[in-house]
Every structure is written in structure tokens, then in C-alpha cells.
Amino acid sequence: MHEWALADAIVEAACSLLNERRAKRIALLNVVIGSLQSADREVLKFALTELFKSRGIKVEELRLNEEEALLRCRLCLKIWKLEDLDIPDDVKEAVHFIPEVIHAYVRCLNCGSQDLEIISGRGVYIASMEL
Ligand SMILES: [Zn+2]
């Protein structure tokens, strides 16, 4: 049901913009999902469609784009893709639910520091919206 909560937040944000413009129709909605969200795209799409419908808003085109997870080492400032780092599968699974666990398991391949921050791939947001 994680997807419904995400969809709800997106619909809320879109609706407040629509209210400002007094619009009931979205020509194109571009939504970005961070890969760390591990949201099911089909479920998310369905949830968005249903929630917009329930508010009487017509979305002509809905696009979901995945954003890759990137981490930056705070010490040497190198940027790593999550796939580059050697993380066991069960930890990857845990990272999807609690991104903070990353700090306990991940080391920078360059300097060995564990002080890495997640710089993308966490959130779900509206990249653009055309009315
Ligand atoms: Zn480093």
C-alpha cells in the first residue's frame, strides 16, 4: 500500500496547483520515482489514475520516470551508483525500506569512508506538469 501513500502525496501537490489555476485537466504529468522507493510502477500508475479520477481531474498523459540512486562520499566527494557499490542483496532489500541503513553497510570504494550521503533516488516528485 506504499504506492497509494506516494500517489496521494503527488495528487495533493498537483491539486493545489490546479486549484490556484482553477483547472480540472492536466495535459501531461511527469512523475519521477527514486529507485530507492522500490515502488511498483504499475500500482503507482493505477493509484494515481484512480485518485485523480476521484477528484474529478482528467490526466491526459501520465509518465513515470525512474531516478537512479546515487551516493556521494562526504570525505573524498566521489559519486557512486548504488550498483557500483558492493552491497549484499539482503542489504539492498533493507535499503529500499530504510535508506538510512546504507550508512551501516556501504563504504566508499575510493577512500573507505562510511560517510556517504544519498543524493538522488529517494523521493517521488512531480518533475513537470502541463495544463
Ligand atoms: Zn570516499
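The domain bounds used here come from an automatic or database domain assignment. With that settled, here is a tour of this predicted model, one view at a time.

**View 1. The two domains of the protein chain.** Domain 1 is made of two stretches, 2-68 and 121-130, while domain 2 covers 70-119. Measure from one C-alpha centre to the other and you get 28 Å between domain 1 and domain 2. Where they touch, 5 residues of domain 1 are in contact with 6 residues of domain 2. The domain 1 side of that contact is a mix: 1 nonpolar, 2 polar and 2 charged residues.

**View 2. The whole chain and its elements.** Start at the N terminus and you meet the elements in the order α-β-α-β-β-β-α-α-β-β. That comes to 4 helices and 6 strands. A box of roughly 55 × 25 × 20 Å, set along the principal axes, holds the C-alpha atoms of the protein chain. The protein chain has 131 residues, and 21% of them count as buried. Look at contacts with a separation of 6 or more, and 77% of them join residues 24 or more positions apart.

**View 3. Helix 1 against helix 2.** Helix 1 takes up residues 2-21 and helix 2 takes up residues 41-54. How do these two pack? Their axes are 9 Å apart and make an angle of about 45 degrees. Angles that are neither under 35, over 145 nor in the range 65 to 115 degrees count as oblique, and helix 1 and helix 2 are therefore oblique to each other. Their crossing is right-handed. On the helix 1 side, the residues that meet helix 2 include Trp-4, Leu-6, Ile-10 and Val-11. Helix 2 brings Val-43, Leu-44, Ala-47, Leu-48, Leu-51 and Phe-52 to the contact. By class, the contact has 11 nonpolar residues, no polar ones and 2 charged ones.

**View 4. Thr-49, a spot on helix 2.** Thr-49 lies in helix 2. Is this residue buried, exposed or partly exposed? Thr-49 has 13 other C-beta atoms within 10 Å, so it counts as partly exposed. Now look for Cys-76, 27 residues away along the chain. The C-alpha atoms of Thr-49 and Cys-76 are separated by 43 Å.

**View 5. Glu-67 in strand 2.** Strand 2 spans residues 58-67, and Glu-67 lies in it. With 18 other C-beta atoms within 10 Å, Glu-67 is partly exposed. Which residues does Glu-67 touch, leaving out those up to four places away in sequence? They are Val-32, Ile-33, Gly-34, Ser-35, Ser-120 and Gly-121. Gln-37 is 30 residues from Glu-67 along the chain, and their C-alpha atoms are separated by 9.8 Å.

**View 6. Arg-22, in the loop after helix 1.** You'll find Arg-22 in the loop between helix 1 and strand 1, the strand of residues 25-34. Its phi is near 55 degrees, a positive value in a residue other than glycine. Arg-22 has 6 C-beta neighbours inside 10 Å, so it counts as exposed.

**View 7. Leu-77, in the loop between strand 3 and strand 4.** Strand 3 (70-73) and strand 4 (79-81) sit on either side of the loop that holds Leu-77. Here phi is near 65 degrees, a positive value for a residue that isn't glycine. Why does Leu-77 count as exposed? Leu-77 has 10 C-beta neighbours inside 10 Å, and 12 or fewer is enough for that label.

Definitions and conventions
Residues numbered from 1 in each chain as written. Predicted model: local features only at pLDDT ≥ 70, side-chain atom pairs only at ≥ 80, totals over all residues. Buried ≥ 20, exposed ≤ 12 C-beta atoms within 10 Å, placed from the backbone. Contact = placed C-beta atoms within 7 Å. Axes fitted to C-alpha atoms, helices over the stretch in contact; angles between N-to-C directions. Left-handed = near helix turned anticlockwise from the far one by under 90°. Nonpolar A, V, L, I, M, F, W, Y, C, P; charged D, E, K, R; others polar.
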